[in-house]
There are 2 protein chains.
Amino acid sequence: MSEVYAVRRARLRDRCSAAGSTAALVSRPANVRYLAGGAPPGAVLLLGPDTDTLLCAGSPLGDPAEGRLDAELRLTVLPATGGDPAVAAAGVLASAGGAAATGSLAVEEHHLTVVRYRAIGATAPRLRLTDLAGAVEQQRLVKDEEEISCLRIAAEIADQALGELLESILVGRTERHLALELERRLVDHGADGPAFATSVGTGPNSGRNGHRPTDRRVEEGDFLSVGLGADYRGYRCLIGRTFVIGTSPADWQVDLYDLVFAAQRAGREGLVPGAGCRDVDRAARQPLEAAGHAEGLAARTGHGVGLEIDEDPQLTPAAMGKLDACVPVTVGPGVHLPGRGGVRIDDTLVVRPEADGGPELLTITTKELLAL
Amino acid sequence: MSEVYAVRRARLRDRCSAAGSTAALVSRPANVRYLAGGAPPGAVLLLGPDTDTLLCAGSPLGDPAEGRLDAELRLTVLPATGGDPAVAAAGVLASAGGAAATGSLAVEEHHLTVVRYRAIGATAPRLRLTDLAGAVEQQRLVKDEEEISCLRIAAEIADQALGELLESILVGRTERHLALELERRLVDHGADGPAFATSVGTGPNSGRNGHRPTDRRVEEGDFLSVGLGADYRGYRCLIGRTFVIGTSPADWQVDLYDLVFAAQRAGREGLVPGAGCRDVDRAARQPLEAAGHAEGLAARTGHGVGLEIDEDPQLTPAAMGKLDACVPVTVGPGVHLPGRGGVRIDDTLVVRPEADGGPELLTITTKELLAL
């Protein structure tokens with residue numbers, strides 16, 4: 001497994017050299033974890049011309065949820081009061097002398113604050129700072145089978161947690177309690193934690209994108225929409241489902257559900273290698289717009305997942321890129337009718353060529369409209 | 001209540017004017033909430049020469065956990081795809097013309113990334129960007145009685161959650177489960193959520209600073225240390241306690257507990273207005289060092305709390321400041337013996353003059369060594 005990280009770092013180093021940088025400083029936590037196997041809080045990774053060093057403040061606790069550091073990496077533990085590891089990394093380069101001290105250092109300008117950036121510059125004034133930009137994020141887009149297998153387990157865990165919840169009595173319980181119970185079940189089934197704050201919306205709150213649970217109780221006749229995910233070894237998936245409470249859904253509920261279901265299926269079916277991200281978005285968006293729900297639709301109908309619950313690619317009307325094989329994405333359109341509620345259906349899938357059976361559905365909980 | 005926010009903003013505006021800035025852009029979420037009453041995700045606050053505007057992307061959901069926006073504020077809702085509200089704020093200033101367009105804008109360089117900072121500069125090239133630095137954090141140090149009352153309720157909630165846990169059977173349960181149960185109880189008692197990730201450490205994990213719960217089960221004879229806190233209306237407190245499992249603690253456990261207890265009491269007793277932060281730290285640190293535990297002590301023995309669980313002041317050996325009345329701080333020294341476990345005792349208190357009875361203890365759960 002250690003070799004995986006070395007290969008990833010070599011790829012990044014090649015890219016930096018080609019762009020004329022002597023060294024690179026990676027500070028964004030998910031990027032550090034991708035390249036180093038783990039990311040103690042505040043740790044940075046210095047890809048030097050010769051050695052790669054992980055710098056962290058205070059000794060890493062060995063928290064399993066932070067991953068397992070690649071043993072091949074050089075590790076520099078600064079005293080807990082030793083300041084910013086990114087600045088210490090610049091100091092290492094500056095004191096290295098020769099080519100390293102006078103070369104250029106690529107940093108993550110989209111992650112470093114202005115204050116940290118200036119402190120790096122002041123510590124190594126002869127280093128030219130360049131922008132690493134999204135180089136690591138770009139590298140993270142296409143997942144290897146080990147990564148996909150973590151996502152698959154994360155999805156299984158989320159399916160199990162959700163399945164158990166559906167077997168319990170729901171009427172009378174609050175959104176907050178249901179969310180907490182789901183999170184407990186995720187951990188019961190082996191998650192390192194929830195992948196993001198679990199969302200449970202009932203009645204008028206159902207179908208709202210990113211709704212945070214309130215004290216509203218589940219009532220007969222409600223839509224109940226749930227969004228959850230597991231973090232398994234750092235990899236995060238997402239599932240969203242909407243149910244109806246009581247014996248028989250109202251006509252408007254069935255109609256709205258069927259509409260969102262059809263839109264979501266159209267999006268899923270668009271997930272083939274080479275498909276434009278905007279085309280997948282359009283496939284999922286168009287049925288909802290045609291039914292008069294253009295206003296209030298979310299800015300996107302899906303996005304990539306991996307070491308972060310929200311990463312590239314983005315499925316939006318203006319997205320420029322195309323999908324590659326082995327890119328995991330979510331497809332989750334939704335409609336919310338103010339005051340009444342709504343429907344969201346969200347899956348995590350992996351883009352696969354049709355020869356391999358097409359998109360691989362990771363979250364397999366049924367998408368029939370269940371009346372609970 | 002609305003007036004409170006207007007007064008806070010006026011104070012900041014005065015400070016900016018005195019420093020020669022025409023306008024200020026606040027982007028750090030806790031600072032936005034402090035000045036605006038609420039902070040939808042990604043929202044920024046523009047304190048203009050004439051009007052104050054909160055800019056956010058996509059309509060604020062009205063999530064109670066995000067606070068309640070001051071109704072006096074001008075609200076600009078950008079389309080969800082409309083990009084960075086901070087850049088939009090710079091655009092507003094640039095298009096205002098006259099003095100505003102050619103003046104200077106103070107920004108939070110310790111919060112803005114290099115990329116956002118450059119985009120602000122590019123959008124308003126005639127604006128001179130200056131550093132707001134920690135001006136809002138400074139203003140947040142001393143709390144008003146309304147804020148302290150939120151902290152008091154947060155502490156009551158944490159005490160209740162902890163008290164209930166102590167009445168349940170602990171042996172055989174995992175750290176993770178105990179942590180999840182505590183978080184559920186916090187919400188049951190009215191918290192908007194946990195103030196930070198609840199820490200539960202048993203046996204060799206006990207007493208470790210910031211320990212993240214594992215699957216280790218509580219055993220007879222263990223130390224059990226717990227760190228938790230509630231978020232109530234945005235205000236966050238912290239309590240840490242250590243217990244022993246079984247009928248009678250071992251001698252080393254009693255000795256270690258007494259030592260940490262005495263150190264923590266010494267720290268608490270040092271909390272008077274005008275006391276140096278380093279002196280409070282020394283009071284809590286010295287007994288532990290004298291007993292041979294210098295190595296492995298945390299870099300600080302306490303810190304401020306408020307809208308963030310970790311804010312100024314810092315109680316460290318090198319801290320330069322003095323404590324003021326109405327500043328809430330934690331005092332929580334701890335000792336961890338590798339392989340054996342340890343003790344942490346942590347309280348949230350408010351600095352008060354001796355004439356008012358001295359430091360006000362918010363977290364009132366007993367600090368006797370309970371054998372559970």
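Q: At about what angle to E12(A) does helix H7 (residues 145–166) of chain A run?
A: The model is predicted. In it, helix H7 of chain A lies across E9 and E12 of chain A. Its direction relative to E12(A) is given by an angle of about 20 degrees.

Q: Which strands are the edge strands of the open sheet E8-E9-E12 in chain A?
A: The open sheet has three strands in the order E8-E9-E12, with antiparallel pairing. An edge strand pairs on one side only. In chain A this holds for strand E8 (199–202) and strand E12 (239–244).

Q: Which residue in E12(A) stands opposite A:Val226?
A: Strand E9 (residues 223–228) of chain A pairs with E12(A) in the antiparallel sense, over six bridges. Opposite A:Val226 in E12(A) stands A:Arg241.

Q: Which helix supplies the largest share of the side of chain B that touches chain A?
A: The contact takes 23 residues from chain B and 23 residues from chain A. On the chain B side, helix H5 (114–123) and helix H8 (175–188) each supply at least two residues. The largest share is five residues, and they come from H8(B).

Q: Why is H8(B) described as largely enclosed by the rest of the structure?
A: A residue counts as buried if 20 or more other C-beta atoms lie within 10 Å of its own. The buried residues of H8(B) include B:Leu178, B:Leu182 and B:Leu186. They pack against helix H8 (175–188) of chain A and against elements of chain B, among them helix H7 (145–166). H8(B) is largely enclosed because the number of its 14 residues that are buried is 10.

Technical notes
Residues numbered from 1 in each chain as written. Chains lettered and ligands numbered in written order. Predicted model: local features only at pLDDT ≥ 70, side-chain atom pairs only at ≥ 80, totals over all residues. Contact = placed C-beta atoms within 7 Å. Helix = DSSP H or I, 4+ residues; strand = E, 2+ residues; numbered from the N terminus. Buried ≥ 20, exposed ≤ 12 C-beta atoms within 10 Å, placed from the backbone. Pairing = 2+ DSSP bridges. Axes fitted to C-alpha atoms, helices over the stretch in contact; angles between N-to-C directions.
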